[in-house]
Amino acid sequence: MSALRPHRIELGDVVLRPFVASDEAAVASALEDPGILRWTAGIAVISSPADLRARRWLEPRIDGWARGNAIFAIAERDTDQVIGHVALRDVHRVPDQAVAAYWVSPVARGRRLGARALDAAARWGFATDGLRLHRISLDHSLVNEGSCHVALRAGFRLEGVMREYYVEPTGQRHDSHLHARLATDAVPQPAGS
């Protein structure tokens, strides 16, 4: 995968921007949330000592653009404080496709930021002056109902169930929903409305 040029997307009260090292404290705070830790942190982060988890999570995301992944921090426009994450990874690993991931800090939930950020990242991913993608997929455990709501609000249609696809660090398996959005899909109403 070839390197991507870092990008910034303005969304009114928040911005999507690349992560920087000074975001570590905000990421550490987010990783205190059991849901973020369970569904999005990964084994390498979870197995790290608690005081090193944020750095372990953040380092590969800071250089993610150089490795062909569009990794955005969701930050408050006024303070630049990180309150979430949205990514398009594995860009063009399969021609014209990427895989989305996201989380929102507990302090920022209830504002539909996940759906707004996912929608904005997808629109940029499909754009001719963006990544020129045709398909963006995502998956989540069926137990993670909040993630399903985010995906649907952002125009990612449910395509099916992948049996025992998600494996927690504990080894417990979960069925997962597969969602996708195509560049040719009808453009959904903005996700925050």
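These legends accompany several close-up views of one predicted model.

The model is predicted, so local features need pLDDT of at least 70 and side-chain atom pairs count only at pLDDT 80 or more, while totals for chains, interfaces and linings use all residues. Residues are numbered from 1 along each chain as its sequence is written, and side-chain values use heavy atoms, with hydrogens and water left out.

**View 1. The annotated domain.** Let us start with the region that UniProt, in an unreviewed entry, lists as "domain: N-acetyltransferase", residues 14–185. UniProt positions are given in the numbering used here, feature names are shortened, and annotations may be inferred rather than shown by experiment. Over residues 14–185, helix makes up 30% of the chain and strand 32%. The C-alpha atoms at the two ends of this stretch are 26 Å apart. Helices (H or I, at least four residues) and strands (E, at least two) are DSSP runs, numbered from the N terminus.

**View 2. A tilted pair between tryptophan 39 and tyrosine 166.** The whole structure holds six aromatic pairs, that is, rings of Phe, Tyr and Trp (its six-membered ring) with centres within 6.5 Å; planes under 30 degrees apart count as stacked, over 60 as edge-to-face and the rest as tilted. In this view, tryptophan 39 and tyrosine 166 sit 5.4 Å centre to centre, with 55 degrees between the planes. Tryptophan 39 belongs to helix H2 (residues 34–40) and tyrosine 166 to strand E7 (residues 157–167), so their pairing ties together parts 127 residues apart in sequence. Tryptophan 39 is buried at 17% relative accessibility, and tyrosine 166 is buried at 17%; buried means under 20% relative accessible area, exposed over 50% and partly exposed in between (1.4 Å probe, protein chains only).

**View 3. Serine 141 and its neighbours.** Stay with Trp39 and Tyr166 for a moment, as serine 141 touches both of them. Serine 141 also touches His174, Asp175 and Ser176, leaving aside residues up to four places away in sequence; contact here means heavy atoms within 4.5 Å. Serine 141 is found in strand E6 (residues 135–141) and is buried, with a relative accessible area of 2%.

**View 4. An aromatic cluster.** Here Phe19, Trp57 and Trp103 are joined into a cluster by ring pairs.

**View 5. A network of salt bridges.** Asp13, Glu76, Arg111 and Arg116 are linked by salt bridges into a network; a salt bridge is a side-chain nitrogen of Lys or Arg within 4 Å of a carboxyl oxygen of Asp or Glu. The count for the model comes to 17 salt bridges. Aspartate 13 meets arginine 116 at 2.5 Å, N to O. Aspartate 13 lies in the loop between strand E1 (9–11) and strand E2 (14–17), and arginine 116 in helix H5 (residues 113–126), so this pair ties together parts 103 residues apart in sequence. Aspartate 13 is partly exposed at 34%, whereas arginine 116 is buried at 18%. In the same network, arginine 111 meets glutamate 76 at 2.8 Å, N to O. Arginine 111 is partly exposed, at 29% relative accessibility.

**View 6. A salt bridge between two helices.** Arginine 55 and glutamate 24 form a salt bridge whose closest N and O atoms are 3.5 Å apart. Arginine 55 lies in helix H4 (residues 53–62) and glutamate 24 in helix H1 (residues 24–30), so the bridge ties together parts 31 residues apart in sequence. Arginine 55 is partly exposed at 40%, and glutamate 24 is partly exposed at 23%.
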